[in-house]
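Visitor: I'd like to go through this one with you. Can we take the contact between the chains, then a few local details?

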Amino acid sequence: MKKVLILVPLVLSMTGSLSNAKPDAYFSPPAETAMPDDEFGKVVKSGEQIFSETQKFAKPYVGNSLNCVNCHLNAGRLVNSAPLWGAYVLYPAYRKKTKQVDTLQSRIQGCFKYSMNGKAPDASSPEITALVSYMYWLSTGAPTGKALPGHGYLELKKPEREPTWEAGKAVYEKNCALCHGADGAGQFSEGKTVFPPLWGKNSYNWGAGMHKINTAAGFIKANMPLGRGGLLSDQEAWDVAYFINSHERPKDPRQKTDVDSSKKEFHEENCSYGKEVNGSQLGHGDSF
Amino acid sequence: MMKAILLIYFATSVFAHAESPDFEIAKKIILNGNGKGALACMTCHQLHGAGNAAAGFPQLAGMNAAYFTSMPTVANASIQAPQSNFELGKTIAEKGLWDKGMPSCFSCHGPSGRGVGENFPGITTQGKTYLVQQLQAWKKGTRKNDPNQLMATVAKKLTAKEMDSVTEYLTVMKSEVPK
């Protein structure tokens, strides 16, 4: 009886402490040096390589100049940068975007179709298997089904002022252009992407999560400029997210007929798709 | 006595040529220190005693034995040479120190650290002394032309050991300046 009286509150306080975690009590993925040194570890390593150098290791499936790590910083480990361990424990899940229950495999296929503007590898392909294995290993010890602190991107409160092109452009020129280029085309070195393109033909397409202004604002607020996350005010993050996502980019692969129909079906809120900006309608994925 | 042994090593400057057991002791001290507080000689004087002219560490190879032995012992307290760690340097340059919010050097300076565009110069194209001086200048605030204080932010987070390790790594990875 005494043991139960001690153990029950102890266990409760342990489980309680995870759900009431302070912002500093984040999940900690295993160190890279702890990657297993066996057949499974090889596949995990392969997943890490695809994640970090997607251009090189998943070339047939990539249609733009991005790598997974461009938006999932520190090889998918970083808090508030859509860390893989945060996502892993929340799948399978019903998603409004696809109107179905997505598995990890189908979720990652979406990354290739939209964020990478490419084509989805088969669910049982070596590439998807490697990526899922890497996610699984990074999530060692993470509790299934829990929305962990630091998962996904920050959710900013609605901005005080409606974001504008001019306000966003000012933020962009001061804080972003030095890396991502005045033309948003990014910068490259030795054939590799250093700073990813943010709009135009080599960036994520209109179907990618990052095209949504609230999503981009949350990513930018916590993570940009690189190494100076938190520098921008919420308003600045909203403004520059609006500016970046109000440029043309490759077509939404889901578009069946015209932009206006796709707008109703897929782009009801939080984005500039189908809107007229600077004299032309966005979403056509041309005239770059 | 120990100094004479060390000088025999530097004078011959042949690693594999073991004259006597003392030679092996000398080699050990040069590579690892004496285990009693003396730093490894190579830390400052380089592997074969060539020294480091820019940093002011004299060449020892070929030095007159009696002269060498007559030199006073330098108190280690006055030497600022935190033990550089190659693996740590590699981690900082290639992965970053994200516990401190620090991205990798190469994420801005390019995959081989040769530089990118107008704002991110080559870093594997420079010597260690210069790299350390610049990092310290940003840390102290005597250099402040970095856009958005990107480098000052990095430098302020680096410990002396990390600064030494990453600059050591970058120098070892020294690449040809692209034509």
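Visitor: How many residues does each chain give to the contact?
Guide: Chain A gives 21 residues and chain B gives 21 residues, where contact means heavy atoms within 4.5 Å. This is a predicted model, in which local features need pLDDT of at least 70 and side-chain atom pairs count only at pLDDT 80 or more, while totals for chains, interfaces and linings use all residues. Residues are numbered from 1 along each chain as its sequence is written, chains are lettered from A and ligands numbered from 1 in the order in which they are written, and side-chain values use heavy atoms, with hydrogens and water left out.

Visitor: What area do chain B and chain A bury between them?
Guide: About 1700 Å², with 61% of it on carbon and sulfur atoms. Buried area is the accessible area (1.4 Å probe) that two parts lose on being put together, summed over both.

Visitor: Which three residues of chain B supply more than any other three?
Guide: B:Trp98, B:Pro111 and B:Asn148, which supply 35% of the area that chain B buries against chain A.

Visitor: And polar pairs across the interface, how many?
Guide: Five residue pairs are in polar contact, both residues at pLDDT 80 or more. The rule asks for a pair of N or O atoms within 3.5 Å; within protein, one must be able to donate a hydrogen and the other to accept it, and residues adjacent in sequence count only if both atoms are side-chain atoms.

Visitor: Which element gives the largest share of chain B's side?
Guide: H8(B), with three residues. Helices here are DSSP runs (H or I, at least four residues) and strands are E runs of at least two, numbered from the N terminus.

Visitor: Which residues form a salt bridge between the chains?
Guide: A:Glu32 and B:Lys95, with the closest N and O atoms 3.6 Å apart. The term means a side-chain nitrogen of Lys or Arg within 4 Å of a carboxyl oxygen of Asp or Glu. The count between chain B and chain A is one, and the structure holds 15 over all chains. A:Glu32 is in the loop between helix H1 (2-19) and helix H2 (39-52) of chain A, and B:Lys95 is in the loop between helix H5 (86-94) and H6 of chain B.

Visitor: Changing topic. Where are the cis peptide bonds you'd point to?
Guide: One runs from A:Tyr91 to A:Pro92, with omega near 0°. A:Pro92 is in the loop between helix H5 (84-88) and strand E1 (93-95) of chain A. Another joins A:Met224 and A:Pro225, with omega about -5°.

Visitor: What about phi of A:Asn74?
Guide: It is near 50°, a positive value in a residue other than glycine. A:Asn74 lies in helix H4 (residues 73-76) of chain A.
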